[in-house]
Every structure is written in C-alpha cells, then in structure tokens.
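The following exercises concern a single structure and are each followed by a worked solution. Please attempt each task with the sequence and the structure in view before reading on.

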Amino acid sequence: MLLEVRDLHVEFRTRDGITRAVDGAGYAVDAGETLAVLGESGSGKSVTAQAVMGILDCPPGRITGGQVLFQGQDLLTLKEEQRRRIRGARMAMIFQDALSALNPVLTVGEQLGEMFVVHRGMSRKDARARAVELMDRVRIPAAAQRVRDHPHQFSGGMRQRIMIAMALALEPDLIIADEPTTALDVTVQAQVMDLLAELQREYRMGLILITHDLGVVADVADRIAVMYAGRIVESAPVHDLYKAPAHPYTRALLDSIPRLDQKGRELHAIKGLPPNLMNIPPGCAFHPRCPMARDVCRTDVPPLHEVIDDRAGGPPGGRASACHFWRECLHDRT
Ligand SMILES: Nc1ncnc2c1ncn2[C@@H]1O[C@H](COP(=O)(O)OP(=O)(O)OP(=O)(O)O)[C@@H](O)[C@H]1O
Ligand code: SF4
Ligand SMILES: [Mg+2]
C-alpha cells in the first residue's frame, strides 16, 4: 500500500474549546489508484490531508493519535527536516486557490525551476528548460514565452495547470488534490480534471482527490471514502457505492443530486446541519439527521463493519460502513 492512514485524531484548541476535527479517520490508497474523499463542509477532509502532508497548522492544531504510513514508514514519527524532504519530492499537494498558493512576485518559470534547483541541484538555465517542458506537459500555450509571466497574468484554469505542474515536477508517488477545480468555471473544471486524471494514469501516481462534485468522482475515482464528523463512514469501490450505498449518509449524499453524471453539482439539501465538532453527538454522530436512526444509534458508536454485498456476484470488494444497520441500508432500494 502506498499510503495508509490509521485511526487519525486531530484537535484544535481554541479559546472556545476543543474541536475534534479528525476523530479516528482512516483510508488507504495504492500506487496508480485514485481515492476520492467526499463529505460536507467541515467534515475534516482538508485537515486529514494536511496531517498527511505535514502542513497542519500547529498550534492550534495537534495530532493526538494515529499513524500515517507512507510506503511503510510512519510519517508522524519523523523529524520536520525528514518530512520536508518527502514533501514535494515524494508527495505533493494541489490546492483550490492557485493565486494564494503561488508566489505573486516570482515568475512561474522561477517557481517551477526552483523545484529542480533545490531538489535536483540543477543550474538555473537547465531548470528553466525543465519548467518550459512542464508547462508544455500541462498544455499551457506558448510555454516558452509565458514562462516569464507572473501568476496573476494567467487565467484561473491556467494557474491551476501551473500548480499541477509544480506538484508533478519531481514526479512524486502521491498527489493530494484538495478541491482542485472548485474555483473554476464548469467547462474549465472538466478540462483541468481530465488533465489531472490523464497525468495520474501516465505517471502511475496515487491520487487523493478531495471534492464536493459527485460527477467528477464517478468519472475519475477508483474508490471513495465518505467522511462525516472526522471519521470515514463508508468506503467502497466507486461503482459499488453508487449502485448500493451501505450507509444512510452516503445515500443522502447520492439522493441530493438528481443525476450522477451531472457535473458541477454541490452536495446540499441533506436535512439538518453537520454536527458541532466541539460537541459531537454520542453514539453515531449522524443520528440526529438519520432517517433510519434507532435507540442503539443514540448510545453506541458504530464500528467500521466489513460490507459484503452477497448479490454483487464478484469477490468481496473491500467495502466498509460505520452503520449498525448497513445491511438494511444496502438492501433498501426504495
Ligand atoms: N486552523 C484551524 N483552527 C481551528 N479550527 C480549524 C482550523 N482548521 C480547521 N479547523 C476545524 O476543523 C474542521 C474541519 O475542517 P476541514 O477544513 O478539514 O473541513 P473540510 O471537510 O475540508 O471542509 P470544506 O469542504 O469546507 O473544505 C472545521 O470545521 C474547523 O472547525
Ligand atoms: S448507525 Fe444508526 S444513526 Fe448511524 S447511520 Fe446507521 S442507522 Fe443511521
Ligand atoms: Mg476542505
């Protein structure tokens, strides 16, 4: 396994109290695989990613438990210097907002080239040539001229391509893309996502794709992890999950869009509000909003059950659901 996050806990200590932003989350992604992480705003998707990358805001953030196994090594036990060497070279991150992630006073050529100068010891001249190659690779027109431009001189879509180029520069084994297309127009979103998916296949990278867009997930992901209140509540191969969700929250997410192949749809219209993370409900955190909730749900935290879909025919698909009544949910096709 390329990356395995186990039982991760992250807290934020603020004046108002302790926020349990990540509360026992775990997921895994293999080389060449795309894992989509899905969930409402505030469910802990970005904080989990930041803990994996080693860029968590500490303080106020604090990792209070768990493991982040990257190629078998627990990153949480490494010194900052060792983590810095892994970051960029072996794992890289793409953010939603390229304008604030890129340096406004340097040309894009300087920023891309810097990666090769610092990590590969290249001369400035060679590094610039590599920067142009990379810009070509992410299909920025007239790369040889535009390498001298600054980030603000590019459109949003082109800037996002530059950030993809930065992430790819050192050919990392893992890329985490946190809502990489959310800030873009719908047509540009599709182009950027197609490019990212193509590069991921070509380089055989592991990709963790954090997104609100169920259309994108269906097109590019192999597996999905659904997150709620800092935990993974369901994980499954994409098509199994779409065919028959095994958690009522997943079902509610799927029901909140009219068609799965529709792009650019946000998750919404689930009744009730996400929980206050300073005061997560006892038992199943989803129980106040769950149409299937019963007494046991209000008292007992559901463990992650292995889901076996006996009607699926094939071998067990590595599915799991944190619902006491996953079987009922899976079989309920109404
Ligand atoms: N720097 C911070 N200081 C204090 N609390 C924080 C900080 N960053 C995140 N949190 C808390 O952690 C929770 C989870 O945040 P996170 O950014 O992971 O959500 P998310 O699932 O990525 O949401 P979104 O879809 O809106 O990006 C938030 O509700 C917030 O309360
Ligand atoms: S454990 Fe209970 S409340 Fe939680 S999702 Fe399942 S049925 Fe709903
Ligand atoms: Mg986020």
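**Exercise 1. Determine how many bridges join strand 4 to strand 5, and which residues form them.**

Solution. The model is a predicted one.
Step 1: Strand 4 spans residues 61-70, and two bridges join it to strand 5 in an antiparallel arrangement.
Step 2: One bridge places Phe-70 opposite Gln-73 of strand 5.
Step 3: Leu-69 has Asp-74, also in strand 5, as its bridge partner.
Step 4: The hairpin of strand 4 and strand 5 has two residues between the strands, and Gln-71 takes a positive phi near 50 degrees there.

**Exercise 2. Establish the strand order of the open sheet and identify its edge strands.**

Solution. Step 1: Strands of a sheet pair through backbone hydrogen bonds, in either a parallel or an antiparallel manner.
Step 2: Here the open sheet contains four strands in the order 2-1-4-5, and the pairing is antiparallel.
Step 3: Strand 2 (17-29) and strand 5 (73-74) are the edge strands, since each pairs on one side only.
Step 4: Within the sheet, strand 1 and strand 4 run antiparallel and are joined by eight bridges. One of the residue pairs is Phe-12 with Gly-61, the latter in strand 4.
Step 5: Helix 1 (residues 45-53) lies across strand 1 (3-14), strand 2 and strand 4, and runs at about 110 degrees to strand 1.

**Exercise 3. Describe the surroundings of ligand 1: which residues come nearest, and which element gives the most to the shell?**

Solution. Step 1: There are 15 residues around ligand 1, of which Ala-21, Ser-41, Gly-42, Ser-46 and Val-47 come nearest.
Step 2: Strand 1, strand 2 and helix 1 are the elements that give two or more residues to this shell.
Step 3: Helix 1 gives the most, with three residues.
Step 4: By class, the shell around ligand 1 comprises five nonpolar, eight polar and two charged residues.

**Exercise 4. Carry out the corresponding analysis for ligand 2: which residues come nearest, and how is the shell divided by class?**

Solution. Step 1: Cys-284, His-287, Cys-290, Cys-297 and Cys-323 come nearest among the 13 residues around ligand 2.
Step 2: The shell around ligand 2 divides into 10 nonpolar, three polar and no charged residues.

**Exercise 5. Classify the packing of helix 4 against helix 7, and of helix 7 against helix 8: is each pair roughly parallel or roughly antiparallel?**

Solution. Step 1: A pair of packed helices is described by the angle between the axes and the distance between them.
Step 2: Helix 4 (residues 108-120) packs on helix 7 at an angle of about 15 degrees, with the axes 9 Å apart. Angles under 35 degrees count as roughly parallel, and helix 4 and helix 7 are therefore roughly parallel to each other. Their crossing is right-handed.
Step 3: Helix 4 contributes Val-108, Gln-111, Leu-112 and Met-115 to the contact, and helix 7 contributes Ile-162, Ala-165 and Met-166. The contact of helix 4 with helix 7 has six nonpolar, one polar and no charged residues.
Step 4: Helix 7 (residues 156-168) and helix 8 (residues 186-203) likewise pack at about 15 degrees, with their axes 10 Å apart. Helix 7 and helix 8 are therefore roughly parallel to each other, and their crossing is right-handed.
Step 5: In this contact, Gly-156, Gly-157, Gln-160, Arg-161, Ile-164 and Leu-168 of helix 7 meet Val-188, Gln-191, Val-192, Leu-195, Leu-196 and Leu-199 of helix 8. By class, the residues of the contact of helix 7 with helix 8 are seven nonpolar, four polar and one charged.

Terms used: Residues are numbered from 1 along each chain as its sequence is written. Chains are lettered from A and ligands numbered from 1 in the order in which they are written. This is a predicted model: local features need pLDDT of at least 70, side-chain atom pairs count only at pLDDT 80 or more; totals for chains, interfaces and linings use all residues. Two strands pair if DSSP finds at least two bridges between them. Two residues are in contact if their C-beta atoms, placed from the backbone, lie within 7 Å. Axes are lines fitted to C-alpha atoms, for helices over the stretch in contact, and angles run from 0 to 180 degrees between N-to-C directions. Angles under 35 degrees count as roughly parallel, over 145 as roughly antiparallel, 65 to 115 as roughly perpendicular and the rest as oblique. A crossing is left-handed if the near helix is turned anticlockwise from the far one by less than a right angle, and right-handed if clockwise. Ala, Val, Leu, Ile, Met, Phe, Trp, Tyr, Cys and Pro count as nonpolar, Asp, Glu, Lys and Arg as charged, and the others, Gly among them, as polar. A residue is near a molecule or strand if its C-beta atom, placed from the backbone, lies within 6 Å of it.
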